Amino acid sequence: MAKSDDCVHIFQGLLVFGNVVIGICGIALTAECIYFVSNPHGVHPLLKATENGDIYPAAWIGIFVGLALFALSILGIIGVIKASRTLLLVYIILMLITFAFEMASCITAATYRDSLTPELFLKQMLERYQKSEPANNSDNEVTQTWDKLMLQNHCCGVLGPSDWQEYTSAFRLTHSDADYPWPRKCCVLDAQGLPVNLDGCKLGVPGYYNSNGCYDAISGPANTHAWGVAWFGFAILCWTFCVLLGTMFYWSGIEY
Amino acid sequence: RPHSRPRHPGAGTMLPLLLLLLPAAHGIAQLEYTPALTQTPELEGVTTASTFVLDQPRCVFREYGNADIWLVVALDQAAYTFNNSARPGTPETAFQDFPDPVRAYMTLNATLANYPCPKPAGDITVLRVGSETSCAQNATRPTCNGPLPGPGPYRVKFLALEGSEPVAETAWSEQIMLRTVKSSSSISTTGSGHSAGMIAITTILSILFAILLAGLVAMLVFWGSDSCGGSSTFSKPESVTVRRYNTHHVYDQPAARL
(Lines give C-alpha, C1' and ligand atoms only; values in the text may rest on other atoms or scores of the structure.)
Protein backbone atom coordinates (compact mmCIF):
# COMPACT_ATOMS: atom_id res chain seq x y z
CA MET A 1 0.00 0.00 0.00
CA ALA A 2 2.79 2.33 0.81
CA LYS A 3 4.22 1.89 -2.67
CA SER A 4 0.95 2.63 -4.44
CA ASP A 5 0.41 5.53 -2.06
CA ASP A 6 3.75 6.87 -3.18
CA CYS A 7 2.70 6.40 -6.80
CA VAL A 8 -0.49 8.25 -6.09
CA HIS A 9 1.31 11.07 -4.39
CA ILE A 10 3.84 11.34 -7.18
CA PHE A 11 1.09 11.39 -9.79
CA GLN A 12 -0.83 13.99 -7.80
CA GLY A 13 2.33 16.04 -7.50
CA LEU A 14 2.91 15.87 -11.23
CA LEU A 15 -0.63 16.97 -11.96
CA VAL A 16 -0.39 19.84 -9.51
CA PHE A 17 2.88 20.89 -11.07
CA GLY A 18 1.33 20.68 -14.51
CA ASN A 19 -1.54 22.87 -13.43
CA VAL A 20 0.79 25.41 -11.87
CA VAL A 21 2.64 25.70 -15.16
CA ILE A 22 -0.66 26.09 -17.00
CA GLY A 23 -1.66 28.85 -14.61
CA ILE A 24 1.59 30.72 -15.11
CA CYS A 25 1.40 30.33 -18.90
CA GLY A 26 -2.17 31.56 -18.83
CA ILE A 27 -1.05 34.77 -17.13
CA ALA A 28 1.81 35.11 -19.60
CA LEU A 29 -0.52 34.62 -22.56
CA THR A 30 -2.88 37.27 -21.22
CA ALA A 31 -0.03 39.72 -20.73
CA GLU A 32 1.39 39.06 -24.20
CA CYS A 33 -1.97 39.52 -25.90
CA ILE A 34 -2.70 42.73 -23.98
CA TYR A 35 0.69 43.99 -25.15
CA PHE A 36 -0.10 43.18 -28.77
CA VAL A 37 -3.53 44.76 -28.64
CA SER A 38 -2.25 47.99 -27.20
CA ASN A 39 1.15 48.25 -28.85
CA PRO A 40 1.43 51.31 -31.05
CA HIS A 41 3.87 49.97 -33.60
CA GLY A 42 2.65 52.41 -36.17
CA VAL A 43 1.88 50.02 -38.99
CA HIS A 44 -1.59 49.31 -37.72
CA PRO A 45 -3.31 51.68 -40.17
CA LEU A 46 -1.82 49.65 -42.99
CA LEU A 47 -2.96 46.38 -41.47
CA LYS A 48 -6.42 47.71 -40.72
CA ALA A 49 -6.75 49.01 -44.24
CA THR A 50 -6.04 45.63 -45.77
CA GLU A 51 -9.56 44.45 -44.95
CA ASN A 52 -8.12 41.04 -44.33
CA GLY A 53 -9.25 41.06 -40.77
CA ASP A 54 -6.48 41.57 -38.32
CA ILE A 55 -4.60 40.17 -35.44
CA TYR A 56 -7.05 41.65 -32.94
CA PRO A 57 -9.63 38.82 -32.80
CA ALA A 58 -6.91 36.26 -32.18
CA ALA A 59 -5.31 38.49 -29.55
CA TRP A 60 -8.59 39.21 -27.77
CA ILE A 61 -9.40 35.50 -27.59
CA GLY A 62 -5.91 34.99 -26.23
CA ILE A 63 -6.55 37.38 -23.37
CA PHE A 64 -9.66 35.58 -22.21
CA VAL A 65 -8.20 32.14 -22.75
CA GLY A 66 -5.24 33.10 -20.62
CA LEU A 67 -7.46 34.18 -17.75
CA ALA A 68 -9.57 31.04 -18.12
CA LEU A 69 -6.47 28.86 -18.03
CA PHE A 70 -5.36 30.53 -14.82
CA ALA A 71 -8.73 30.05 -13.14
CA LEU A 72 -9.08 26.47 -14.31
CA SER A 73 -5.59 25.58 -13.19
CA ILE A 74 -6.55 26.59 -9.65
CA LEU A 75 -9.70 24.47 -9.95
CA GLY A 76 -7.57 21.61 -11.19
CA ILE A 77 -5.16 21.82 -8.30
CA ILE A 78 -8.00 21.75 -5.81
CA GLY A 79 -9.66 18.85 -7.62
CA VAL A 80 -6.47 16.78 -7.72
CA ILE A 81 -5.65 17.30 -4.09
CA LYS A 82 -9.20 16.56 -2.96
CA ALA A 83 -9.49 13.69 -5.49
CA SER A 84 -13.02 14.85 -6.21
CA ARG A 85 -14.61 13.30 -9.28
CA THR A 86 -17.12 16.08 -9.88
CA LEU A 87 -14.58 18.84 -9.58
CA LEU A 88 -12.22 17.10 -11.94
CA LEU A 89 -14.99 16.36 -14.43
CA VAL A 90 -15.98 20.03 -14.47
CA TYR A 91 -12.32 20.91 -14.82
CA ILE A 92 -11.82 18.58 -17.78
CA ILE A 93 -14.90 19.77 -19.65
CA LEU A 94 -14.11 23.45 -19.15
CA MET A 95 -10.51 22.87 -20.14
CA LEU A 96 -11.63 21.22 -23.35
CA ILE A 97 -13.74 24.25 -24.20
CA THR A 98 -10.79 26.54 -23.48
CA PHE A 99 -8.59 24.28 -25.58
CA ALA A 100 -10.97 24.66 -28.51
CA PHE A 101 -10.97 28.46 -28.24
CA GLU A 102 -7.22 28.68 -28.00
CA MET A 103 -6.90 26.34 -30.97
CA ALA A 104 -9.08 28.71 -32.98
CA SER A 105 -6.96 31.65 -31.89
CA CYS A 106 -3.70 29.99 -32.92
CA ILE A 107 -4.98 28.95 -36.32
CA THR A 108 -6.44 32.41 -36.93
CA ALA A 109 -3.16 34.07 -36.03
CA ALA A 110 -1.13 31.75 -38.27
CA THR A 111 -3.51 32.16 -41.21
CA TYR A 112 -3.50 35.91 -40.79
CA ARG A 113 0.26 36.01 -40.87
CA ASP A 114 0.24 34.00 -44.10
CA SER A 115 -2.06 36.53 -45.71
CA LEU A 116 0.39 39.41 -45.22
CA THR A 117 2.12 38.97 -48.55
CA PRO A 118 4.09 41.73 -50.28
CA GLU A 119 1.45 41.80 -53.03
CA LEU A 120 -1.18 42.75 -50.49
CA PHE A 121 0.70 45.83 -49.34
CA LEU A 122 1.83 46.66 -52.86
CA LYS A 123 -1.71 46.82 -54.15
CA GLN A 124 -2.86 48.87 -51.17
CA MET A 125 0.00 51.32 -51.54
CA LEU A 126 -0.45 51.78 -55.28
CA GLU A 127 -4.18 52.32 -54.98
CA ARG A 128 -4.20 54.56 -51.94
CA TYR A 129 -0.93 56.41 -51.48
CA GLN A 130 -1.48 60.10 -52.22
CA LYS A 131 -4.91 59.43 -53.63
CA SER A 132 -6.14 62.80 -54.83
CA GLU A 133 -9.72 62.41 -53.65
CA PRO A 134 -9.43 60.36 -50.51
CA ALA A 135 -12.59 58.32 -50.18
CA ASN A 136 -12.39 58.18 -46.43
CA ASN A 137 -10.05 58.89 -43.59
CA SER A 138 -8.25 55.61 -43.93
CA ASP A 139 -6.77 56.74 -47.27
CA ASN A 140 -5.22 59.73 -45.53
CA GLU A 141 -3.93 57.45 -42.83
CA VAL A 142 -2.39 55.17 -45.42
CA THR A 143 -0.56 58.11 -47.00
CA GLN A 144 0.66 59.42 -43.65
CA THR A 145 1.74 55.98 -42.50
CA TRP A 146 3.71 55.37 -45.69
CA ASP A 147 5.39 58.77 -45.50
CA LYS A 148 6.44 58.15 -41.93
CA LEU A 149 7.55 54.61 -42.77
CA MET A 150 9.68 55.66 -45.72
CA LEU A 151 11.21 58.52 -43.76
CA GLN A 152 12.08 56.53 -40.65
CA ASN A 153 13.30 53.36 -42.31
CA HIS A 154 14.99 54.94 -45.32
CA CYS A 155 13.10 52.72 -47.69
CA CYS A 156 10.91 53.21 -50.75
CA GLY A 157 7.83 51.34 -51.85
CA VAL A 158 7.15 47.75 -50.89
CA LEU A 159 9.81 45.99 -52.96
CA GLY A 160 11.71 49.08 -54.17
CA PRO A 161 11.29 52.35 -56.08
CA SER A 162 10.55 50.35 -59.22
CA ASP A 163 7.11 49.61 -57.79
CA TRP A 164 6.14 53.08 -58.96
CA GLN A 165 7.57 52.39 -62.41
CA GLU A 166 6.13 48.98 -63.03
CA TYR A 167 2.52 49.64 -62.06
CA THR A 168 -0.05 52.34 -62.46
CA SER A 169 -0.95 54.08 -59.24
CA ALA A 170 -3.02 56.84 -57.70
CA PHE A 171 0.26 58.70 -57.19
CA ARG A 172 1.03 58.53 -60.92
CA LEU A 173 -2.30 60.16 -61.78
CA THR A 174 -1.25 63.42 -60.12
CA HIS A 175 2.52 63.30 -60.51
CA SER A 176 4.12 62.96 -63.93
CA ASP A 177 6.60 60.21 -64.51
CA ALA A 178 9.33 62.57 -65.74
CA ASP A 179 9.21 64.81 -62.66
CA TYR A 180 8.43 62.13 -60.10
CA PRO A 181 9.69 58.70 -61.09
CA TRP A 182 9.06 57.89 -57.43
CA PRO A 183 7.80 59.99 -54.52
CA ARG A 184 10.08 62.63 -53.06
CA LYS A 185 10.07 60.79 -49.74
CA CYS A 186 12.19 58.13 -51.44
CA CYS A 187 15.01 60.63 -51.86
CA VAL A 188 17.74 61.06 -49.29
CA LEU A 189 16.57 64.16 -47.44
CA ASP A 190 18.52 66.78 -45.57
CA ALA A 191 17.65 68.30 -42.23
CA GLN A 192 15.00 70.56 -43.74
CA GLY A 193 13.26 67.66 -45.44
CA LEU A 194 14.39 68.59 -48.95
CA PRO A 195 16.19 66.19 -51.27
CA VAL A 196 19.94 66.45 -51.01
CA ASN A 197 20.27 66.16 -54.78
CA LEU A 198 16.99 66.18 -56.66
CA ASP A 199 18.48 65.28 -60.04
CA GLY A 200 20.45 62.47 -58.48
CA CYS A 201 17.27 61.20 -56.87
CA LYS A 202 15.29 61.37 -60.11
CA LEU A 203 18.02 59.57 -62.00
CA GLY A 204 18.37 56.94 -59.34
CA VAL A 205 22.01 57.54 -58.49
CA PRO A 206 23.06 55.30 -55.60
CA GLY A 207 23.41 57.41 -52.49
CA TYR A 208 20.76 59.97 -53.34
CA TYR A 209 17.71 57.78 -53.10
CA ASN A 210 16.51 54.86 -50.98
CA SER A 211 16.77 51.75 -53.05
CA ASN A 212 15.41 49.08 -50.72
CA GLY A 213 11.77 48.27 -50.12
CA CYS A 214 9.81 48.71 -46.91
CA TYR A 215 8.31 45.24 -46.79
CA ASP A 216 10.70 44.04 -44.09
CA ALA A 217 9.86 47.01 -41.92
CA ILE A 218 6.13 46.30 -42.22
CA SER A 219 6.16 42.57 -41.91
CA GLY A 220 8.59 42.48 -39.00
CA PRO A 221 6.19 43.64 -36.27
CA ALA A 222 3.28 41.82 -37.85
CA ASN A 223 5.33 38.62 -37.87
CA THR A 224 6.25 38.99 -34.22
CA HIS A 225 2.64 39.56 -33.26
CA ALA A 226 1.27 36.64 -35.20
CA TRP A 227 3.91 34.12 -34.27
CA GLY A 228 3.83 35.27 -30.66
CA VAL A 229 0.14 34.49 -30.41
CA ALA A 230 0.23 31.37 -32.60
CA TRP A 231 3.32 29.54 -31.42
CA PHE A 232 3.12 30.41 -27.77
CA GLY A 233 -0.49 29.29 -27.77
CA PHE A 234 0.53 26.10 -29.51
CA ALA A 235 3.13 25.36 -26.86
CA ILE A 236 0.64 25.97 -24.06
CA LEU A 237 -1.85 23.67 -25.72
CA CYS A 238 0.65 20.86 -26.03
CA TRP A 239 1.43 21.09 -22.34
CA THR A 240 -2.27 21.31 -21.51
CA PHE A 241 -2.88 18.17 -23.57
CA CYS A 242 -0.46 16.21 -21.44
CA VAL A 243 -1.91 17.52 -18.19
CA LEU A 244 -5.45 16.76 -19.33
CA LEU A 245 -4.57 13.21 -20.31
CA GLY A 246 -2.98 12.72 -16.93
CA THR A 247 -6.05 14.17 -15.23
CA MET A 248 -8.30 11.81 -17.16
CA PHE A 249 -6.28 8.82 -16.03
CA TYR A 250 -6.33 10.14 -12.50
CA TRP A 251 -10.08 10.68 -12.64
CA SER A 252 -10.79 7.19 -13.91
CA GLY A 253 -8.77 5.76 -11.05
CA ILE A 254 -10.58 7.58 -8.31
CA GLU A 255 -12.99 5.31 -6.41
CA TYR A 256 -16.36 6.50 -5.28
CA ARG B 1 39.56 79.94 -131.87
CA PRO B 2 36.87 79.65 -134.58
CA HIS B 3 35.05 76.54 -133.29
CA SER B 4 35.04 77.21 -129.51
CA ARG B 5 31.84 78.43 -128.00
CA PRO B 6 31.93 81.78 -126.24
CA ARG B 7 32.21 81.01 -122.48
CA HIS B 8 30.95 82.79 -119.44
CA PRO B 9 33.90 84.68 -117.88
CA GLY B 10 33.99 82.83 -114.52
CA ALA B 11 33.05 79.44 -115.95
CA GLY B 12 36.59 78.28 -115.84
CA THR B 13 36.80 78.60 -112.04
CA MET B 14 33.23 77.65 -111.33
CA LEU B 15 33.38 74.08 -112.51
CA PRO B 16 36.29 73.12 -110.26
CA LEU B 17 34.54 74.90 -107.37
CA LEU B 18 31.36 72.94 -107.99
CA LEU B 19 33.37 69.77 -108.10
CA LEU B 20 34.90 70.66 -104.76
CA LEU B 21 31.57 71.53 -103.13
CA LEU B 22 29.75 68.38 -104.16
CA PRO B 23 31.88 65.99 -102.07
CA ALA B 24 31.61 68.39 -99.14
CA ALA B 25 27.79 68.41 -99.31
CA HIS B 26 27.59 64.61 -99.30
CA GLY B 27 30.54 64.34 -96.95
CA ILE B 28 29.00 64.49 -93.48
CA ALA B 29 31.65 62.92 -91.31
CA GLN B 30 30.47 59.57 -89.96
CA LEU B 31 31.86 59.41 -86.42
CA GLU B 32 32.62 56.03 -84.92
CA TYR B 33 30.46 56.56 -81.86
CA THR B 34 27.18 54.87 -81.00
CA PRO B 35 24.98 56.62 -78.43
CA ALA B 36 24.03 54.26 -75.64
CA LEU B 37 22.07 54.14 -72.42
CA THR B 38 24.21 54.82 -69.38
CA GLN B 39 25.70 51.62 -67.99
CA THR B 40 28.03 53.03 -65.32
CA PRO B 41 27.04 53.99 -62.73
CA GLU B 42 23.99 51.78 -62.53
CA LEU B 43 21.01 54.07 -62.38
CA GLU B 44 17.63 52.94 -61.16
CA GLY B 45 16.00 55.41 -63.48
CA VAL B 46 18.03 54.66 -66.63
CA THR B 47 14.72 54.04 -68.34
CA THR B 48 11.40 55.08 -66.91
CA ALA B 49 8.01 55.15 -68.55
CA SER B 50 8.74 58.43 -70.35
CA THR B 51 12.44 59.21 -70.00
CA PHE B 52 15.76 57.58 -70.61
CA VAL B 53 19.36 58.41 -69.81
CA LEU B 54 22.22 58.56 -72.34
CA ASP B 55 25.92 58.93 -71.87
CA GLN B 56 27.21 62.32 -72.95
CA PRO B 57 29.23 62.20 -76.17
CA ARG B 58 32.53 63.16 -74.57
CA CYS B 59 35.66 63.21 -76.71
CA VAL B 60 33.61 62.51 -79.85
CA PHE B 61 33.17 65.89 -81.51
CA ARG B 62 36.72 67.11 -80.90
CA GLU B 63 37.21 68.60 -84.35
CA TYR B 64 33.94 70.46 -84.38
CA GLY B 65 34.50 73.25 -81.93
CA ASN B 66 32.23 75.62 -83.82
CA ALA B 67 29.34 73.24 -84.32
CA ASP B 68 26.04 72.92 -82.49
CA ILE B 69 25.56 69.36 -81.39
CA TRP B 70 21.96 68.25 -81.49
CA LEU B 71 20.34 65.04 -80.34
CA VAL B 72 17.96 63.47 -82.84
CA VAL B 73 15.30 61.25 -81.28
CA ALA B 74 13.39 59.14 -83.77
CA LEU B 75 10.88 56.36 -83.82
CA ASP B 76 12.61 53.11 -84.60
CA GLN B 77 10.97 52.74 -88.01
CA ALA B 78 11.73 56.34 -88.98
CA ALA B 79 15.39 56.28 -88.04
CA TYR B 80 16.92 55.30 -91.36
CA THR B 81 14.66 57.58 -93.36
CA PHE B 82 15.72 60.63 -91.37
CA ASN B 83 16.97 63.44 -93.59
CA ASN B 84 20.10 65.09 -92.21
CA SER B 85 19.19 68.36 -93.83
CA ALA B 86 16.26 68.77 -91.45
CA ARG B 87 16.62 71.92 -89.39
CA PRO B 88 16.04 72.08 -85.64
CA GLY B 89 13.33 74.41 -84.40
CA THR B 90 11.15 73.94 -87.43
CA PRO B 91 7.71 72.33 -87.49
CA GLU B 92 9.22 69.29 -89.20
CA THR B 93 11.31 68.52 -86.15
CA ALA B 94 9.16 70.02 -83.39
CA PHE B 95 8.81 67.93 -80.24
CA GLN B 96 5.19 68.92 -79.70
CA ASP B 97 4.13 67.13 -82.90
CA PHE B 98 5.99 63.95 -82.06
CA PRO B 99 5.20 61.09 -82.86
CA ASP B 100 2.54 62.08 -85.33
CA PRO B 101 3.13 63.66 -87.86
CA VAL B 102 6.71 64.35 -86.77
CA ARG B 103 8.61 61.06 -86.72
CA ALA B 104 11.91 62.40 -85.42
CA TYR B 105 12.62 65.52 -83.39
CA MET B 106 15.78 67.39 -82.47
CA THR B 107 16.58 68.58 -78.99
CA LEU B 108 19.28 69.04 -76.34
CA ASN B 109 21.31 71.67 -78.17
CA ALA B 110 24.90 71.82 -76.94
CA THR B 111 28.40 72.80 -78.02
CA LEU B 112 31.78 71.21 -77.53
CA ALA B 113 32.21 73.35 -74.41
CA ASN B 114 29.38 71.40 -72.77
CA TYR B 115 31.18 68.13 -73.37
CA PRO B 116 34.76 68.74 -72.25
CA CYS B 117 37.25 66.00 -72.92
CA PRO B 118 38.44 63.98 -71.10
CA LYS B 119 35.65 63.25 -68.70
CA PRO B 120 36.76 63.82 -65.09
CA ALA B 121 36.79 60.51 -63.26
CA GLY B 122 34.00 60.18 -60.73
CA ASP B 123 31.68 62.65 -62.43
CA ILE B 124 28.36 61.42 -63.62
CA THR B 125 28.00 62.79 -67.16
CA VAL B 126 24.61 61.90 -68.54
CA LEU B 127 21.86 63.33 -70.63
CA ARG B 128 18.32 62.74 -69.41
CA VAL B 129 16.02 62.68 -72.40
CA GLY B 130 12.51 63.67 -71.42
CA SER B 131 13.17 65.72 -68.33
CA GLU B 132 11.60 69.03 -69.35
CA THR B 133 7.93 68.90 -68.51
CA SER B 134 7.28 72.65 -68.50
CA CYS B 135 7.55 73.15 -72.26
CA ALA B 136 6.00 69.87 -73.39
CA GLN B 137 2.81 71.58 -74.58
CA ASN B 138 4.40 74.86 -75.57
CA ALA B 139 4.50 75.13 -79.37
CA THR B 140 6.87 78.11 -79.17
CA ARG B 141 9.57 75.78 -77.86
CA PRO B 142 9.92 73.19 -80.61
CA THR B 143 13.30 72.02 -79.31
CA CYS B 144 11.84 71.10 -75.93
CA ASN B 145 13.32 68.03 -74.23
CA GLY B 146 9.91 66.80 -73.28
CA PRO B 147 8.79 63.42 -71.89
CA LEU B 148 8.41 60.74 -74.49
CA PRO B 149 4.84 59.83 -75.32
CA GLY B 150 5.11 56.05 -75.33
CA PRO B 151 7.29 53.07 -74.60
CA GLY B 152 9.01 53.21 -78.00
CA PRO B 153 11.12 51.70 -79.41
CA TYR B 154 13.25 54.74 -80.18
CA ARG B 155 16.64 55.37 -81.73
CA VAL B 156 18.90 58.38 -81.18
CA LYS B 157 21.94 59.89 -82.77
CA PHE B 158 23.98 63.06 -82.38
CA LEU B 159 24.17 65.49 -85.27
CA ALA B 160 26.66 68.39 -85.48
CA LEU B 161 25.49 71.44 -87.42
CA GLU B 162 27.67 74.37 -88.41
CA GLY B 163 25.43 77.22 -89.25
CA SER B 164 22.57 75.17 -90.64
CA GLU B 165 24.72 72.63 -92.44
CA PRO B 166 25.25 69.19 -90.98
CA VAL B 167 28.93 68.40 -90.70
CA ALA B 168 29.14 65.30 -88.58
CA GLU B 169 26.92 62.62 -87.19
CA THR B 170 27.26 59.58 -84.99
CA ALA B 171 25.76 56.21 -85.72
CA TRP B 172 22.20 55.43 -84.74
CA SER B 173 21.89 53.86 -81.32
CA GLU B 174 20.45 50.45 -80.60
CA GLN B 175 16.71 50.26 -80.08
CA ILE B 176 15.70 51.91 -76.82
CA MET B 177 12.59 50.46 -75.18
CA LEU B 178 11.05 52.30 -72.26
CA ARG B 179 9.21 50.67 -69.39
CA THR B 180 5.69 49.47 -69.99
CA VAL B 181 3.41 49.92 -67.06
CA LYS B 182 1.08 47.21 -65.77
CA SER B 183 -2.20 48.00 -64.14
CA SER B 184 -2.16 47.81 -60.35
CA SER B 185 -5.43 45.89 -60.40
CA SER B 186 -3.59 43.02 -62.04
CA ILE B 187 -1.75 42.28 -58.80
CA SER B 188 -3.27 39.18 -57.28
CA THR B 189 -3.44 39.26 -53.51
CA THR B 190 -5.09 35.91 -52.98
CA GLY B 191 -3.87 32.39 -52.69
CA SER B 192 -0.27 32.46 -51.72
CA GLY B 193 -0.91 29.12 -50.17
CA HIS B 194 -0.50 28.24 -46.54
CA SER B 195 2.83 28.10 -44.87
CA ALA B 196 4.15 24.87 -43.42
CA GLY B 197 3.88 26.30 -39.93
CA MET B 198 0.19 26.98 -40.19
CA ILE B 199 -0.53 23.52 -41.54
CA ALA B 200 1.53 21.93 -38.77
CA ILE B 201 -0.29 23.89 -36.09
CA THR B 202 -3.69 23.01 -37.49
CA THR B 203 -2.96 19.31 -37.95
CA ILE B 204 -1.30 18.72 -34.62
CA LEU B 205 -3.84 20.66 -32.61
CA SER B 206 -6.72 18.90 -34.33
CA ILE B 207 -5.23 15.51 -33.51
CA LEU B 208 -4.63 16.47 -29.88
CA PHE B 209 -8.15 17.81 -29.54
CA ALA B 210 -9.58 14.64 -31.06
CA ILE B 211 -7.62 12.49 -28.60
CA LEU B 212 -8.87 14.54 -25.68
CA LEU B 213 -12.46 14.30 -26.86
CA ALA B 214 -12.09 10.54 -27.22
CA GLY B 215 -10.67 10.40 -23.73
CA LEU B 216 -13.59 12.39 -22.37
CA VAL B 217 -16.08 10.11 -24.10
CA ALA B 218 -14.30 7.06 -22.71
CA MET B 219 -14.40 8.59 -19.25
CA LEU B 220 -18.12 9.25 -19.40
CA VAL B 221 -18.97 5.86 -20.90
CA PHE B 222 -17.09 3.98 -18.22
CA TRP B 223 -18.26 6.25 -15.39
CA GLY B 224 -18.02 4.40 -12.18
CA SER B 225 -18.01 0.97 -13.86
CA ASP B 226 -16.05 -1.38 -11.67
CA SER B 227 -14.85 -3.51 -14.56
CA CYS B 228 -12.54 -0.74 -15.71
CA GLY B 229 -11.91 0.83 -12.36
CA GLY B 230 -11.16 -2.56 -10.84
CA SER B 231 -7.57 -1.53 -10.36
CA SER B 232 -8.45 0.87 -7.64
CA THR B 233 -4.98 2.30 -7.35
CA PHE B 234 -6.08 5.67 -6.12
CA SER B 235 -8.24 5.66 -3.09
CA LYS B 236 -9.90 8.49 -1.35
CA PRO B 237 -8.34 9.00 2.06
CA GLU B 238 -11.12 7.87 4.47
CA SER B 239 -14.43 6.79 3.03
CA VAL B 240 -13.91 3.72 0.80
CA THR B 241 -13.00 0.84 3.07
CA VAL B 242 -15.42 2.03 5.72
CA ARG B 243 -18.38 1.87 3.32
CA ARG B 244 -17.55 -1.65 2.21
CA TYR B 245 -17.27 -2.68 5.77
CA ASN B 246 -20.70 -1.24 6.51
CA THR B 247 -22.27 -3.16 3.61
CA HIS B 248 -20.92 -6.46 4.83
CA HIS B 249 -21.96 -5.65 8.35
CA VAL B 250 -25.60 -4.95 7.29
CA TYR B 251 -25.80 -8.26 5.44
CA ASP B 252 -24.17 -10.19 8.25
CA GLN B 253 -26.36 -9.00 11.07
CA PRO B 254 -29.71 -10.48 9.95
CA ALA B 255 -27.97 -13.80 9.25
CA ALA B 256 -26.44 -13.66 12.71
CA ARG B 257 -29.84 -13.02 14.28
CA LEU B 258 -31.29 -15.98 12.53
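1. The transmembrane region of chain B comes from an unreviewed UniProt entry, where the annotation covers residues 196-223; such annotations may be inferred rather than shown by experiment, and their positions are given in the numbering used here, with feature names shortened. Over residues 196-223 the chain is 93% helix and 0% strand, with the end C-alpha atoms 40 Å apart. Helices (H or I, at least four residues) and strands (E, at least two) are DSSP runs numbered from the N terminus.

2. A word on the ground rules: this is a predicted model, where local features need pLDDT of at least 70 and side-chain atom pairs count only at pLDDT 80 or more, while totals for chains, interfaces and linings use all residues. Residues are numbered from 1 along each chain as its sequence is written, chains are lettered from A and ligands numbered from 1 in the order in which they are written, and side-chain values use heavy atoms, with hydrogens and water left out.

3. Chain B as a whole has four helices and seven strands, running α-β-β-β-β-β-β-β-α-α-α from the N terminus. Of its 258 residues, 36% count as buried (under 20% relative accessible area; exposed is over 50%, partly exposed in between; 1.4 Å probe, protein chains only).

4. Now the disulfides, meaning pairs of cysteine sulfur atoms within 2.5 Å: there are five over all chains. Chain A follows the pattern 1-6, 2-3, 4-5, counting bonded cysteines along the chain, and chain B goes 1-2, 3-4.

5. In chain A, Cys155 is joined to A:Cys214 with S to S at 2.0 Å. This pair links distant parts of the chain, 59 residues apart: A:Cys155 sits in the loop between α6 (137-153) and α7 (163-166), A:Cys214 in the loop between α9 (198-203) and α10 (215-253). Both A:Cys155 and A:Cys214 are buried.

6. Next door in sequence, A:Cys156 bonds to A:Cys186 (S to S 1.9 Å). A:Cys156 is in the loop between α6 and α7 and A:Cys186 in the loop between α8 (170-174) and α9, so the bond ties together parts 30 residues apart in sequence. A:Cys156 counts as buried because its relative accessible area is 0%.

7. In chain B, look at B:Cys135 and B:Cys144, joined at 1.9 Å S to S; the link is right-handed, with 75° about the S-S bond.

8. Don't go looking for a bond at A:Cys25: the closest cysteine sulfur, in A:Cys238, is 12 Å away, which is too far. A:Cys7 counts as partly exposed because its relative accessibility is 46%.
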